[in-house]
Amino acid sequence: MNVYDSIKSRRTVRRFKQESIDREYITKMIDAARVSPSAGNMQSLKYAIIDSFDERKAIFPHVKYAGYINDWNPEFDETPPCFIAVLNDTNIRRTNSYTECDAGIAMMAISLVCVEMGLDSCILGAIDKEEITRVLEIKPEYEILYLVGVGKSDQSNAQIDNSDSVKYVMDELKNFTVPKRRIEDIIVYRNER
């Protein structure tokens, strides 16, 4: 599959099968993030693998999976069998907009490697960073930025072009429909000379 098709086929998954992910696969995902572009080539991002039952259970109450669906969060047995915590090493660079950009690039690299491996992902920013840091005993110099949930999907997702709303919806079977702005709505045409 080429890169364009990988990007077009990638979906955010919020309900996962409980099948463990081989550490070799997780290492490959992190390696792709490692060699991704970094502002000033500072490479301040670090990664923590969270795949034990106990650690996943401990962070479960501190993660929100679908911000637009106020009254729903998956059951624990629907959550990712593995998380990759994206951390910023503040000894290398204080967290700033460059760090956020680096994190976005790294998480997309992780997500695309998931597609290549037949896996799915969910980038999670609605997390209680302080509690997760405490529960996982992450050293103070490593600031948690995001979690990336990784596993095999246990839901279906549909994507629709829509310029009216960006809010995804969940049906009675817990499947999601995700609107994306239309291509003609996002290209800005400048005055041509």
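Are Arg15 and Glu78 buried or exposed? Keep that one in mind while we get our bearings. What you have above is a predicted model, so read everything below as computed from those coordinates.

Let's go straight to the pair. Arg15 makes a salt bridge with Glu78, and the closest N and O atoms sit 3.0 Å apart. In sequence terms the two residues come from distant parts of the chain, 63 residues apart. Arg15 belongs to the loop between α1 (3-9) and α2, while Glu78 belongs to the loop between α3 (53-59) and β2 (82-89). And the answer to the opening question: both Arg15 and Glu78 are buried. They also have company, since Lys174 is linked with Arg15 and Glu78 in a network of salt bridges. Across the whole structure, a search turns up 11 salt bridges, and a couple of others will come up as we go.

Next stop, helix α2. This helix covers residues 23-34, 12 residues in total, and spans 16 Å from first C-alpha to last, close to the 16 Å expected at 1.5 Å a residue. Its buried residues are Ile26, Met29, Ile30, Ala32 and Ala33. Look down the axis of α2 and those buried residues fall within an arc of 155°, so they line one face of the helix. Turn to the face pointing away from that buried side and you'll find the exposed residues Glu24 and Arg34.

Lys28 is another α2 residue worth clicking on. Its salt-bridge partner is Glu116, with the closest N and O atoms 3.1 Å apart. Because Lys28 lies in helix α2 and Glu116 in helix α4, the pair ties together parts that are 88 residues apart in sequence. How do the two ends sit with respect to the surface? Lys28 is partly exposed, at a relative accessible area of 42%, whereas Glu116 counts as exposed at 56%.

Stay in α4 for a moment. The helix runs over residues 97-116 and includes Val115. Val115 has a relative accessibility of 17% and counts as buried; the cut-off for that label is under 20%. There is a long-range relationship here too: Val115 and Asp5 are 110 residues apart along the chain, yet their C-alpha atoms are separated by 9.9 Å.

For a salt bridge with a short sequence separation, go to helix α5 (residues 129-136). Arg134 and Glu131 both lie in this helix, 3 residues apart, which is about one turn. Their salt bridge has its closest N and O atoms 2.7 Å apart. Arg134 counts as exposed at 54% relative accessibility, and Glu131 is partly exposed at 23%.

Now for the strands. As a quick reminder, strands of a sheet pair through backbone hydrogen bonds, either parallel or antiparallel. Strand β4 (residues 142-151) is a good place to begin: 8 of its 10 residues are buried, so it is largely enclosed by the rest of the structure. β4 pairs with β2 in the antiparallel sense over 8 bridges, and one point of reference in that pairing is Ala85, whose bridge partner in β4 is Leu147. β4 also pairs with strand β3 (residues 120-124), again antiparallel, over 5 bridges. There, Asp120 stands opposite Gly151 in β4.

Further along the chain you'll meet an open sheet of 3 strands, ordered β5-β7-β6, with mixed pairing. The edge strands are β5 (157-161) and β6 (169-170), each of which pairs on one side only. β5 runs parallel to β7 (residues 176-180), and 5 bridges join the two. To find this pairing on screen, look for Asp161, which stands opposite Lys180 in β7.

Finish at the surface. Ile183, Ile186, Ile187 and Tyr189 form a nonpolar patch there, with about 450 Å² of accessible area together. Tyr189 is found in the segment after α6 (183-186). With a relative accessible area of 66%, Tyr189 is exposed, quite unlike the buried Arg15 and Glu78 we started from.

Key: Residues are numbered from 1 along each chain as its sequence is written. This is a predicted model: local features need pLDDT of at least 70, side-chain atom pairs count only at pLDDT 80 or more; totals for chains, interfaces and linings use all residues. Side-chain values use heavy atoms; hydrogens and water are left out. Patches are made of residues with over 30% relative accessible area and no salt bridge: like charges are joined within 9 Å, nonpolar side chains (Val, Leu, Ile, Met, Phe, Trp, Tyr) within 5 Å. Accessible areas come from the Shrake-Rupley method with a 1.4 Å probe; for residues, only the protein chains shown count as cover. A salt bridge is a side-chain nitrogen of Lys or Arg within 4 Å of a carboxyl oxygen of Asp or Glu. Helices (H or I, at least four residues) and strands (E, at least two) are DSSP runs, numbered from the N terminus. Buried means under 20% relative accessible area, exposed over 50%, partly exposed in between (1.4 Å probe, protein chains only). Two strands pair if DSSP finds at least two bridges between them. The expected span of a helix is 1.5 Å times one less than its number of residues. The arc is that of the directions from the helix axis to the C-beta atoms.
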